[in-house]
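Ready for a few short exercises on reading a protein model? Keep the structure open beside you and try each task before you look at its solution.

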Amino acid sequence: MFTGIEEVDWASMKHAYGTADDVPGLLYGLASADPAERETALDGMYGAVHHQGNVYACTLACIPFLFELVADPGVRDRGGIVELLTSIGGIDLDEDEEVDELDEDEIEGVANYAMASAAVAAGSPVFFELVADEDPGVRLAAPLALATLHARPGRVLALLRERLPVEADDEVRLALVEAAGRIALRHRRLAERAADWLSRLAAEAYPPGLRLAALAQLARCAPEALPGDVVRVVSGLLRELRAGPARPEPAVDPSGGDETATERGTAPTLVGQLRELSAEESAGRGTPWATDLLRTLHVGLDDRVADRTALLSDQLRSPDPWQRVDAVRMSSGLMRAWRGSYDDLVRLIGAQLSDPEPRLAEAASYALEDLFGLAAPAGDALAARVAGDPGAWVKEWASGPPGLGPSVKALAGLGDARVLPAVAAALERPEVPHDVGFAIRCLGDAAAPLAGVLRRRLGEVGLDEGAYDRASPLLAGLTALRAGEAAPEVLRVLRGAPEYRGEWLRTAALRALGSFGPAARCAVPELRRLARGTGAVATEAAEALWAVTGDAEAVLPVLTEGLRAEQARDCRAAVTALGALGPRAGVAAPRLRALLAHEELWLRVESAIALWEISGRTAEVVPVLLSAWEKNCHVRVRVAECLARMGPDGAGSDATRVLRAELLSVRRHKAMDGGYGSHDTHEDEKLLALCRRALLGHTGKGTTS
């Protein structure tokens, strides 16, 4: 095996973690009789040789030897090697990428991807033989490898159709169907042929799992071919799957044909951890693969929010707790990405909070955590869970500070005072949860009874290197409550901030003092002293001084000087503070106008808003705001706040058109593939409310010229 491997100059090549002279050992490890060694080798291939999907020179050099491994029936776990080859050769290059815009390393990377694709495609005919291999793991991986890599997709599609009637393994049959969908997506000329086959599979007397797989692939590649009553059909298939026989436990071949989890678990690898998590998630499920099919179906249904909501609602009423776990998680994904009417769905998720299955109740808690006001239909269920489980009020982590439990955060996000006992208890812990300030901000005036304990705990904070971590959640809570009686404690922190993270701590203290307004007069001498300094702290001190004293003359020189800051973020802070002064900051208007053309988008937006706050003139600022709106979705809430205060008359017809278009969009404004912020749904709902308010009538000030 591996003829010529010693002739490759591995030491001259590199992978993600240095020289590639260890690659031959990884290749030999893939052929080992020891399951732990095979797993370690595969982990090393993904971790170093194909790190995060990258293709290096050593990755290319491995390809012939990987094909040698998959063709040898004596090698175990070849399915994993087939998947590795599929990943190495299946990267789709962006045809729109301009080569002259790439640097030298990027050009080399693109060339490596192209060579890998060509090399793996050249060897891909071997996968035709593997679709009938004795090892079901190999048969499971081969169809997707062919659909991704083979240069004759029509021949592959024909093979998939031929293979399906003779394949005995249920999961391999699903892989054959998935491969057809992948071909339809990658080769549009074959989409109609693939969709025709998938439609017949979905409609004829096939097992429910296979029909569900066909519907999922139709949703991806030919949604127009889905049945009109797709929700009813899928719900019926799920009921059939529930009624089917339980999945038998996998047999263990005493001759070594199938290693036990204990034997494999001796290798502490990422691949092993992922497999163990998958096994744990699948434990007790009759049809664990149904989850992936439903996810695929939902991706294909895309913006058909009503259909997706109806399907999930039906799942949430299922007697099978695992179908409900899946439905809760997929509901969370739906609500994060799409706008819709979710009251009934949220109410059903809330009903899962009392389920005896802990994973279901936990999934429901996390699904509600980031919904804020949208979680209102589950408010009573959240309150009951919080009251009934004090042990879950705070969640400890292996590293980092503790945090509030998801149900506590969800109830606080509703502004529901029934969460107060949980937050009060959290404030008495030796280490206060890092997000307690968030909860208090959501509760607003309802959290006023907590001001005393916040003040006491802040007074107990030692001003050492850990001061910021301990004080910041308390300062955030006091800021939210505008608890001016805590000014002496905040002033102590401001004066005694240590060097480590000292600027962060001073900023948090200054913002607290500013929120107190005139109640923080005891801090005026310190604020004046800090305002005479330079940089971000001087700007923050001036802003707080204005809030406490209303003395515009004292702060204007500091803030106008801040407009000259080298760092855009420091300049932005001064701009925002000047806007808060309104017409009193008229002297800064010329400089703000100049900043409307600044290269930093956020600084342009804040300068436009501040200029309107000062002058009341909209003609020069609205085009800047609308341009930023189109270029960066993250500025939209801030822009909409300003447009809402201007009203439609002040903002003009262009703004009205943009606002109406936003309200007509079904997609949440910050929804993206592969990423999500915990406040994204809340921010989107806020944006919609602001758009409606902006279109209702003139609420602003000033003129339009």
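**Exercise 1. Explore a pocket.**
Find out how much space lies in the second largest pocket, and which elements line it.

*Solution.* Step 1: in this predicted model, the second largest pocket holds about 1,100 Å³ of space. Step 2: turn to its lining, which is made of 28 residues; Thr 507, Arg 511, Glu 540, Glu 543 and Ala 573 are the closest to the centre. Step 3: look for the elements that give two or more residues to this lining, and you find α25, α27 (502–516), α29 (535–549) and α31 (568–581). Step 4: ask which of them gives the largest share; α27 does, with 8 residues.

**Exercise 2. Take in the whole chain.**
Describe the chain by its helices and strands, its buried residues and its contacts.

*Solution.* Step 1: count the elements, which gives 37 helices and 4 strands. Step 2: check burial; of the 705 residues in the chain, 50% are buried. Step 3: take the contacts with a separation of 6 or more, and you see that 67% of them join residues 24 or more positions apart.

**Exercise 3. Visit the nonpolar core.**
Work out which residues touch the most other members of the largest nonpolar core.

*Solution.* Step 1: this core has 234 residues, and those touching the most other members are Trp 10, Leu 27, Leu 66, Phe 127 and Leu 368. Step 2: see where the core residues come from; helix α3 (residues 57–70) supplies the largest share, with 10 residues. Step 3: zoom in on Trp 10. Leaving aside residues up to four places away in sequence, Trp 10 touches, among others, Leu 27, Cys 58, Ala 61, Cys 62 and Phe 65.

**Exercise 4. Place a glutamine.**
Is Gln 323 buried or exposed, and which backbone oxygen lies 3.5 Å from a polar atom of its side chain?

*Solution.* Step 1: locate Gln 323 in helix α17 (residues 321–337). Step 2: its relative accessibility is 8%, so Gln 323 counts as buried. Step 3: the backbone oxygen in question belongs to Leu 238. Step 4: list the residues that Gln 323 touches, not counting those up to four places away in sequence: Leu 238, Arg 242, Gln 315 and Ser 318.

**Exercise 5. Two positive phi angles.**
Find where Asp 77 and Arg 482 lie, and decide how exposed each one is.

*Solution.* Step 1: Asp 77 is not a glycine, yet its phi is positive, at about 60°. Asp 77 sits in the loop between α3 and α4 (78–89). Step 2: its relative accessible area is 27%, so Asp 77 is partly exposed. Step 3: Arg 482, also not a glycine, has a positive phi of about 50°. The loop between α25 (467–481) and α26 (487–496) holds Arg 482. Step 4: with a relative accessible area of 59%, Arg 482 is exposed.

**Exercise 6. Decide what to trust.**
Which helix has the lowest mean pLDDT among the elements of the chain, and which the highest?

*Solution.* Step 1: begin with the chain, whose mean pLDDT is 90, with 90% of its residues at 70 or more. Step 2: helix α13 (residues 261–264) has the lowest mean, 45, and helix α18 (residues 343–351) the highest, 98. Step 3: pLDDT is below 50 over residues 247–267, a stretch with 27 contacts in the model beyond near neighbours in sequence. Step 4: residues 698–705 also stay under 50. Step 5: where pLDDT is low, predicted coordinates should not be read in detail.

Key:
Residues numbered from 1 in each chain as written. Predicted model: local features only at pLDDT ≥ 70, side-chain atom pairs only at ≥ 80, totals over all residues. Heavy atoms only, no water. Core = buried A, V, L, I, M, F, W, Y, C linked by side-chain atoms within 4.5 Å. Buried < 20%, exposed > 50% of the residue type's maximum accessible area, 1.4 Å probe, protein only. Contact = heavy atoms within 4.5 Å. pLDDT = per-residue confidence, 0-100. Polar contact = N/O pair within 3.5 Å; in protein donor to acceptor, adjacent residues only side chain to side chain. 1 Å grid on protein atoms, 1.4 Å probe; cavity = no way out; pocket = protein on both sides within 12 Å on 5 of 7 lines; lining within 4 Å. Points joined across faces, edges and corners; volume = space filled by probe spheres on them.
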